[in-house]
Amino acid sequence: MAGGQQLLEAARALVGVPFHLGGMSREGGVDCVGLVVLALRTVGRDAGPLPPYRLHQTSLTGFAPALARSGLRDVAEALQPGDVLALRPSPSQLHLAIAGEGGTLVHAHAGLRRVVHGPRPVEWPLLRSWRLAPSGD
């Protein structure tokens, strides 16, 4: 199984885990950052220390180096399952998710209070995407 598909499967395994702001464990819950970090750890990647963040923020400053440490690389081409996405659900909020097949995504949904897998809301613009590089890159 390719790296992106493994990352997607790791994220899908977290569907139903409770939402918890700042959470990074299956037991304690996750937020959108925690979901990505936990999925990366499951496939043997580690983002290392993360910058401080809050529910409402407008900048990705600090996250790009952390994601790069885990083996994620910026991509501009069409999305593939397992790509990590930075979305903007509102003018004052950024959101990380993992792309699924057919325009779906896996993400920690604050409103539903759990990790879900479903269609990507069309009103959430894509700001940036990253793809897991093969191990050793």
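**Notebook: fold and the setting of His95**

I read the order of elements along the sequence and noted the pattern α-β-β-α-α-β-β-β-β-β-β. The model I am consulting is a predicted one. I recorded 3 helices and 8 strands in the chain.

I then turned to overall dimensions. A compact globule of 137 residues would have a radius of gyration near 14 Å, and I found 13 Å for the chain, which agrees. Along the principal axes, I noted that the C-alpha atoms fill a box of roughly 35 × 30 × 30 Å.

Next I looked up burial and surface. I noted that 45% of the 137 residues count as buried. For the accessible surface of the chain I entered about 6600 Å², with 58% of this belonging to carbon and sulfur atoms.

I also checked how contacts span the sequence. Among those between residues at least 6 apart, I found that 58% join residues at least 24 apart.

For charge, I listed 13 positive and 10 negative charges, whose mean positions lie 5 Å apart.

I closed with one residue, His95. I located His95 in strand 5, which covers residues 93–99. Is His95 buried or exposed? I entered His95 as buried, because its relative accessibility is 7% and the cut-off for buried is under 20%. I found a polar contact of 2.9 Å between the side chains of His95 and His107. Setting aside neighbours within four places in sequence, I listed the contacts of His95 as Cys32, Leu85, Ala86, Leu87, Pro89, His107, Ala108 and Trp124. His107 thus appears in my notes both in this list and in the polar contact with His95.

Definitions and conventions: Residues are numbered from 1 along each chain as its sequence is written. This is a predicted model: local features need pLDDT of at least 70, side-chain atom pairs count only at pLDDT 80 or more; totals for chains, interfaces and linings use all residues. Side-chain values use heavy atoms; hydrogens and water are left out. Helices (H or I, at least four residues) and strands (E, at least two) are DSSP runs, numbered from the N terminus. The radius of gyration is taken over C-alpha atoms; the globule rule is 2.2 Å times the number of residues to the power 0.38. Buried means under 20% relative accessible area, exposed over 50%, partly exposed in between (1.4 Å probe, protein chains only). Contact means heavy atoms within 4.5 Å. Accessible areas come from the Shrake-Rupley method with a 1.4 Å probe; for residues, only the protein chains shown count as cover. Lys and Arg count as positive and Asp and Glu as negative; His and the chain ends are not counted. The place of a charge is taken as NZ of Lys, CZ of Arg, CG of Asp or CD of Glu. A polar contact is a pair of N or O atoms within 3.5 Å; within protein, one must be able to donate a hydrogen and the other to accept it, and residues adjacent in sequence count only if both atoms are side-chain atoms.
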